[in-house]
Amino acid sequence: MRCYLHALLLCMVFAVFSVLYVFNQLPVASSFESQYEDGRTDRRTKKSSGRQPQFGAQDTGRTVRKGGGVPSLFDQQEHDRTSSYYLGEKPASASVQEAARDERIHLAVVACGPRLEETLTMLKSALLFSTKPLLHFHIFAEDHLHGSFGESLDLWPSVFQTRFNYTTYPITFPSENAKEWKKLFKPCASQRLFLPLILKDVDSLLYVDTDILFLQPVEEIWSLLSLFNSTHLAAMAPEHEEPRIAWYNRFARHPYYGKTGVNSGVMLMNMTRIREKYFKNDMTSVPLKWVELLMPLLQKYKLNITWGDQDLLNIIFHHNPESLYVFPCQWNYRPDHCIYGSNCLKAEQEGVFILHGNRGVYHDDKQPAFRAVYEAIQKYTFGDNLVQSLLLPLEANLQETKHTYCGRASHMFTKRLKQSISILQQKTVEGRIGPFDHLTAKWYTSRSGCCMIFTCD
């Protein structure tokens, strides 16, 4: 009996210390929010006010470019804002009203290092096949890249600029452990963890890595939000479909979601729910909000994680599996799905929806099929004939990759792309969208089937 009493006493002591540790981290989280608010500058200006907030060397000024009469959410609300809400203090009714007013698709990306051209190609693919004239790009980038993003996006044809807005943001981490967060995995990748805390006015968001290419309209993945049940607050694809070659179940030294973990390169988020939820965790018996969870999680697992922020997300959803909606692999198709033979059944059946060229395969010769798709979209000129200037050259280049496993599966890369082009052109003819008004529709038959193309009047 005495042994049991000693064991019980030890458990109680450890529990008390765990709670004290977690709550000791709360001022850090609150400090992050207050610093962000203090350092905020008018997002309608092109230049920083010069004020230096407490983010180390980071400035939190923002740049907005408005396009085509689609107002920014900031402009809709800033004039009547009387106070800044902290996490969890915003009335639920206000969030619902804002979400109802804001019909745009919000797409976020984090670009650090030599990722400018890759990010622009991703944004181009999102805009190119979309039939919704309401896209808002949230671009988080190092300060020296902001001007380049603005110059490049402003050079896109005006008929396309009317269909999107963009906002650029500096890379922003809590001042404590800022360097550790920034270098956790790839430069700045862990910025995505703080998007719910920074973009407080955004209800839902699609985050993607810079090496993503949309092969169908971005609104198709956005529509998955409607499939969320009452507990879902995020959606991702599995890291692997084949456990025998999966990484997490063989090597991970930390908890992970499901049998093979999830990949965070494409992440759909209901950020209102993320901000409001109390998450179960293995640090304390007390559920924690997102802002309270991140720092203790980093401190506990920083020596055990390999893939940085993706591992932290796996840990979170391991303890909160009911909060994650898992979509199939064709929404996040990577070299792992074909390098050892095809192991994404949904892509075989329906084609690849979103191509993810991780590990730099767009820029080397390891996976020429992935590089061919990237270069086809990168070199395509807005307004050119989509079949003659994009699809047919891509098919020809993919024929040269058949000596690789992924090259043999490359018909899956173009299957959905053909449908996207056909739907886009059909809606253009019907007058439902208008970026190709100067083109005349004709039918063209290629070896891949019947397609509608456009020729200049």
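Start at His319, which touches Pro255, Lys280, Asn281 and Asp282 once residues up to four places away in sequence are left out. This histidine lies in helix 13, residues 309-319, and it makes a handy way into the fold. Keep in mind that you're looking at a predicted model. The protein chain has 457 residues, and buried ones make up 57% of them.

**Around His319**
- His319 and Asn281 are 38 residues apart in sequence, yet their C-alpha atoms are 5.9 Å apart in space.
- Asn281 also turns up among the residues that His319 touches, together with Lys280 and Asp282.

**The chain as a whole**
- If you count up the secondary structure, you get 18 helices and 14 strands.
- Take the contacts with a separation of 6 or more: 71% of them are between residues 24 or more positions apart.
- The chain exposes about 19,900 Å², and carbon and sulfur atoms supply 55% of that.

**Nonpolar cores**
- The largest nonpolar core has 74 residues, and the members that touch the most others are Leu206, Phe214, Tyr333 and Leu355.
- Helix 15, residues 368-379, gives the most to this core, with 7 residues.
- Apart from this core lies another one, of 47 residues, and Ile198, Leu233, Leu297 and Phe317 are among its members.
- Leu355 is worth a closer look: leaving out residues up to four places away, it touches Asp211, Ile212, Leu213, Leu215, Tyr333, Tyr362, Phe370, Val373 and Phe413.

**Two helices that are largely enclosed**
- Helix 4 covers residues 116-128, and its 13 residues should span 18 Å at 1.5 Å a residue; the end C-alpha atoms are 18 Å apart, which agrees.
- Of those 13 residues, 11 are buried, so helix 4 is largely enclosed by the rest of the structure.
- The buried residues of helix 4 include Glu118, Lys124 and Ser125 as well as Leu120, Met122 and Leu127.
- Helix 12 covers residues 290-301, and the same sort of check works there: 12 residues should span 16 Å, and the end C-alpha atoms are 16 Å apart, which agrees.
- In helix 12, 9 of the 12 residues are buried, so this helix too is largely enclosed by the rest of the structure.
- Among the buried residues of helix 12 are Trp290, Val291, Met295, Pro296 and Tyr301.
- Leu297 is also one of the buried residues of helix 12, and it belongs to the core of 47 residues.

**Two loop residues**
- Ser130 has its place in the loop between helix 4 and strand 3 (135-141).
- With a relative accessible area of 0%, Ser130 is buried.
- Outside its neighbours up to four places away, Ser130 touches Leu135, Arg163, Pro217, Val218, Glu219 and Leu424.
- Pro328 is found in the loop between strand 11 (324-326) and helix 14 (345-350).
- At a relative accessible area of 30%, Pro328 is partly exposed.
- Leaving aside neighbours within four places, Pro328 is in contact with Ala237 and Lys346.
- Pro328 and Lys346 are 18 residues apart in sequence and 6.9 Å apart in space, C-alpha to C-alpha.

**Aromatic rings**
- There are 15 aromatic pairs in the structure.
- One of them is formed by Phe228 and Tyr325, a tilted pair with 5.8 Å from centre to centre and 35° between the planes.
- Phe228 lies in the loop between helix 9 (218-222) and strand 7 (234-238) while Tyr325 is in strand 11, so the pair ties together parts that are 97 residues apart in sequence.
- Both partners are tucked away from solvent by the numbers: Phe228 counts as buried at 12% relative accessibility, and Tyr325 is buried with a relative accessible area of 19%.
- Elsewhere, Phe137, Trp156, Phe160, Phe164 and Phe382 form one aromatic cluster.

**Charges over rings**
- The charged end of Lys277 sits over the ring of Phe279, 5.7 Å from its centre.
- Arg408 lies over the face of Tyr405, at 5.1 Å from the ring centre.

Conventions
Residues are numbered from 1 along each chain as its sequence is written. This is a predicted model: local features need pLDDT of at least 70, side-chain atom pairs count only at pLDDT 80 or more; totals for chains, interfaces and linings use all residues. Side-chain values use heavy atoms; hydrogens and water are left out. A nonpolar core is a set of buried Ala, Val, Leu, Ile, Met, Phe, Trp, Tyr and Cys residues joined through side-chain atoms within 4.5 Å. Buried means under 20% relative accessible area, exposed over 50%, partly exposed in between (1.4 Å probe, protein chains only). Helices (H or I, at least four residues) and strands (E, at least two) are DSSP runs, numbered from the N terminus. Contact means heavy atoms within 4.5 Å. The expected span of a helix is 1.5 Å times one less than its number of residues. Rings of Phe, Tyr and Trp (its six-membered ring) pair if their centres lie within 6.5 Å; planes under 30 degrees apart count as stacked, over 60 as edge-to-face and the rest as tilted. A charge sits over a ring if NZ of Lys or CZ of Arg is within 6 Å of the ring centre and within 35 degrees of the ring normal. Accessible areas come from the Shrake-Rupley method with a 1.4 Å probe; for residues, only the protein chains shown count as cover.
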